[in-house]
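Reader: Hi! I'm new to this one. Could you walk me through it?

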Amino acid sequence: MGTYVIRRLLQMIPVILGATFLIFTMVFALPGDPLAGKCGERPCPPAYAAAFREKYNLNDPLPIQYGKYVGNLAQGDFGETTNGIKVIDQLKARYPITAQLALMALAFEAIIGITVGVFTGIRRGGFLDNLVLISTLVVISIPVFVVGGLSQYFLGVRLGLFPVTVTSANPTFYQLMLPAMVLGSISLAYISRLTRTSLVENLRSDYVRTATAKGLRRRRAVGLHALRNSLIPVVTFIGFDFGFLLGGAIVTEAIFNIPGVGGYLFRSIRARDGASVVGTVTVLVIVFLFVNLLVDLLYGLLDPRISHD
Amino acid sequence: MRGTTRKVAVAALSAVALLAAGCGSGEEGETDTPAAEAKTGGEITVRGCNPENPLIPQNTTETCGGTVIDAVFSKLVHYEPETAAPKNDIAESIETEDNQTFTVKLKQGYKFHDGTEVKAKNFVDAWNYGAYAPNAQSSGYFMEPIEGFADLQCAGTANPEDPCEGFTPKAKEMTGLKVVDDHTFTIKTSEKVSNLPVRLGYSAFSPLPDVFFADPEAFGDKPIGSGPFKLDSWTKEQAIVLSKFADYSGEFGAKLDKINYKIYQDADAAYNDVLANNLDATDEIPTSALIDDKYKTDLPDRNAQKEEGVIQTVTFAPVNVDPLYADPKIRQAISMAIDRETIIKQIFNGTRVPATGWVSPVVDGYKADQCGEFCKFDPAKAKALLQEAGGFKGDKITLAYNADAAHKDWTEATCNSIKQALGVECAAVGVVDFATLRQQVGDRKQKGMFRTGWQMDYPSIENFLAPIYKTGASSNDGDYSNPEFDALLTEAAAQQDPAAANAKYQEAEALLAADMPSIPLWYGKATVGWSDKVTGVKITAFGTIDYSSLALK
């Protein structure tokens with residue numbers, strides 16, 4: 001397993017380089033002017049514009065810009081945003097918040113999703129199964145901004161049960177609860193369905209029948225044998241979802257004004273702020289790679305038939 | 001025509017006379033706080049946005065940083081939030097005999113937040129710093145009228161993109177600025193300027209303390225001004241905290257002890273916080289709340305809307321670039337074919353005001369209906385006028401806009417309106433971004449009509465005319481040239497009496513209707529909302545909330 005991990009870690013290097021280059025090129029190719037809005041509703045004076053282009057290397061051709069960027073990156077310098085803020089400071093401040101939010105959403109969707117999935121899987125075709133089927137269908141078909149906007153308005157503004165927005169550098173558990181539930185709601189629906197389908201399939205398999213035949217109690221046969229194998233697609237999904245939640249919480253972060261990575265990424269893309277976009281995405285890529293490695297290692301634990309040696 | 005009836009109370013307020021008379025009208029300024037009595041002190045939280053530049057007054061022309069700068073820096077002149085009329089702040093008097101040499105006397109006792117006194121040299125040094133091109137300050141161009149400005153500019157040829165490369169300007173100080181003593185300095189302009197005192201209220205003309213010049217970069221993070229509020233902290237991307245400056249000696253002091261700007265990414269989030277009374281004021285109402293005036297029922301008696309100094313126009317390419325639109329009658333016909341009211345209602349949810357001239361109603365010198373019938377929707381007359389001019393010779397009218405901002409909807413609606421009224425094909429053409437559009441316009445390659453807007457630099461009628469329509473002016477995108485117009489501007493600049501100057505400017509504006517260098521579409525309007533804790537919310541002519549008059553109930 002050790003060599004497997006090392007091989008995977010080494011594979012990450014070209015992936016990270018390739019990803020940063022692709023992102024950098026895409027930001028470079030984006031239409032839009034980084035100077036737009038810097039001087040209000042009018043074009044910037046030439047001296048100001050020239051100094052700005054000079055400072056952010058905007059006059060250089062793409063390979064040189066990228067070379068300068070990677071050179072700085074190798075020394076741990078993530079560069080500056082176009083409004084003169086150090087990207088590294090923003091990443092340090094924002095990633096923990098988004099990570100907290102993503103973990104809370106993940107816990108929410110995993111605990112409830114798997115529980116619901118198991119219950120519906122065991123009693124397939126029952127009332128609960130149908131109820132969950134319909135309600136998850138509803139949740140999946142409603143976009144997150146509707147869920148977010150409505151829950152913010154009714155639970156936050158009207159009933160005052162939750163804070164309306166977060167807007168804090170150190171958000172509390174309570175402040176992030178509503179956003180985490182909104183963020184996790186769609187994945188919750190997927191997880192419960194995934195668990196259910198996978199469990200139903202495994203319950204029909206030979207080893208479960210054997211386990212039951214040799215006299216194992218149903219609870220043990222389902223809980224230990226069937227569920228463990230059924231969790232493989234669920235764990236894959238959760239691992240993928242964590243990375244997705246980190247970078248994809250744009251809508252939720254905007255609705256609840258959470259100073260996390262999603263909103264930052266969105267705004268930076270719109271402002272064509274190369275340094276911020278590439279810096280944020282680089283960290284995202286690294287997180288993605290590590291989570292996927294973790295997921296692959298978990299397979300071995302869940303299903304002894306999978307081996308990494 | 002809702003909203004256009006508001007008159008700016010300037011007729012009797014003669015700017016220079018008032019300024020020269022000193023600060024005679026201290027208490028009259030505080031007029032119309034609603035019934036609820038305001039108390040002093042207390043702390044509020046308002047919506048903020050990310051300043052785009054370091055907080056240096058000479059380098060900020062956008063509103064996110066501008067609102068903070070305005071609260072932190074006091075200027076020679078303060079604009080009344082209601083009328084945009086200038087009143088002396090640091091200036092004791094600004095006097096001139098000939099509209100060319102101005103003697104500025106400062107009040108004693110004004111202090112910067114670091115305790116040093118505001119002296120004449122603080123102004124002179126700050127303005128020179130702003131004007132000196134290698135410092136690359138975005139508001140440097142405000143100093144242009146001052147004698148010697150040209151010597152501080154770059155004219156290098158090494159790099160066409162950057163005139164400052166390998167070039168050092170002739171001088172670092174403008175010859176037109178002279179310190180007489182600690183509390184007096186003189187300004188000499190290269191041409192006659194009748195409204196200089198009105199201009200001096202803009203943040204570009206703020207004084208800077210000596211500590212600025214030691215380390216401008218550190219200053220940009222924690223500016224030290226002489227305004228009613230001092231900046232306590234700026235947590236990038238999250239919050240800006242201002243507190244009352246105890247030693248502020250002027251008459252526009254703060255009522256509140258503390259203002260927290262919470263930075264929001266999204267107007268909806270800020271708005272919902274105002275609804276829940278978690279946020280005390282927002283100067284941006286989201287589109288979702290503007291539809292059917294929803295904000296008025298959400299925030300009864302806690303909302304306000306007011307015109308700001310922004311005008312949207314459509315400019316015609318210069319005649320030698322696109323001769324199809326040369327005949328003023330064709331231009332007038334197109335203008336009359338635009339149903340401004342409907343477009344404003346359908347596309348902007350009523351957040352614009354149909355333009356009746358080329359000057360925003362918020363400024364000193366505004367006169368309504370300068371465009372007359374040519375800015376009123378009248379498809380029959382428009383068609384008749386077009387026929388009189390012999391019809392449109394090209395195959396279609398084009399209206400170019402920059403596609404990187406929300407201009408597609410209204411340009412298409414405008415084109416549809418033209419098409420329906422005139423029976424001539426009209427197409428809205430997206431240009432990839434603002435910079436590209438400006439480049440094409442600047443190189444005189446953009447044909448047909450294109451969108452232009454103007455955000456005022458200072459609240460004066462002159463600012464809506466001279467920089468845009470004077471022969472050879474910096475923003476004269478349509479190469480408009482009318483000797484009569486130019487002559488009137490020169491005459492106006494020489495007038496001693498501001499009312500007489502404004503009258504001349506109005507005469508000049510009226511000439512635009514005959515030539516139609518651009519089509520006035522609508523004026524911008526700012527909409528704000530606030531919580532039930534605060535009172536005295538006033539919108540300035542720049543569309544921002546005036547924080548020094550804000551107070552807790």
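Author: Happy to; we can talk through some disulfides, a few strands and a pair of helices. Keep in mind that this is a predicted model.

Reader: Great, let's do disulfides. How many are there over all chains?

Author: The count comes to four over all chains. In chain B they follow the pattern 1-2, 3-4, 5-6, 7-8, with the bonded cysteines counted along the chain.

Reader: Which cysteine does Cys154(B) bond with?

Author: Cys154(B) forms a disulfide with Cys164(B), and their sulfur atoms are 2.0 Å apart. Both cysteines lie in the loop between α3 (120-131) and β6 (177-181) of chain B, so the link ties together parts that are ten residues apart in sequence.

Reader: Are those two buried or exposed?

Author: Cys154(B) is buried, and Cys164(B) is too. Their link is right-handed, with 85 degrees about the S-S bond.

Reader: And what about the link of Cys415(B) and Cys426(B), is it left-handed or right-handed?

Author: That one is left-handed, at -60 degrees about the S-S bond. Cys415(B) sits in helix α13 (residues 408-422) of chain B and Cys426(B) in strand β15 (residues 426-431) of chain B, so this disulfide ties together parts eleven residues apart in sequence.

Reader: Why does Cys415(B) count as buried?

Author: Because its relative accessibility is 2%, and buried means under 20%. Cys426(B) is buried as well, with a relative accessible area of 6%.

Reader: Nice. Switching to strands: how do β8(B) and β9(B) pair?

Author: Strand β8 (residues 229-235) and strand β9 (residues 239-244), both of chain B, pair in the antiparallel sense over six bridges. One of the bridges there puts Trp234(B) opposite Ile240(B) in β9(B).

Reader: What's in between them?

Author: The two strands form a hairpin with three residues between them, and Glu237(B) in the turn has a positive phi of about 70 degrees.

Reader: Which other strand does β9(B) join?

Author: Five bridges join β9(B) to β10 (residues 258-263) of chain B, and these two run antiparallel. Ser243(B) has Lys258(B) in β10(B) as its bridge partner.

Reader: Last topic, the helices. How do α1(A) and α12(A) cross?

Author: The axes of α1 (residues 2-29) and α12 (residues 274-302) of chain A come within 9 Å and cross at roughly 155 degrees. Angles over 145 count as roughly antiparallel, so α1(A) and α12(A) are roughly antiparallel to each other. The crossing is right-handed.

Reader: What kinds of residues make up that contact?

Author: The contact of α1(A) with α12(A) has 19 nonpolar, four polar and two charged residues.

Technical notes: Residues numbered from 1 in each chain as written. Chains lettered and ligands numbered in written order. Predicted model: local features only at pLDDT ≥ 70, side-chain atom pairs only at ≥ 80, totals over all residues. Heavy atoms only, no water. Pairing = 2+ DSSP bridges. Helix = DSSP H or I, 4+ residues; strand = E, 2+ residues; numbered from the N terminus. Axes fitted to C-alpha atoms, helices over the stretch in contact; angles between N-to-C directions. Parallel < 35°, antiparallel > 145°, perpendicular 65-115°, else oblique. Left-handed = near helix turned anticlockwise from the far one by under 90°. Nonpolar A, V, L, I, M, F, W, Y, C, P; charged D, E, K, R; others polar. Disulfide = S-S within 2.5 Å. Buried < 20%, exposed > 50% of the residue type's maximum accessible area, 1.4 Å probe, protein only.
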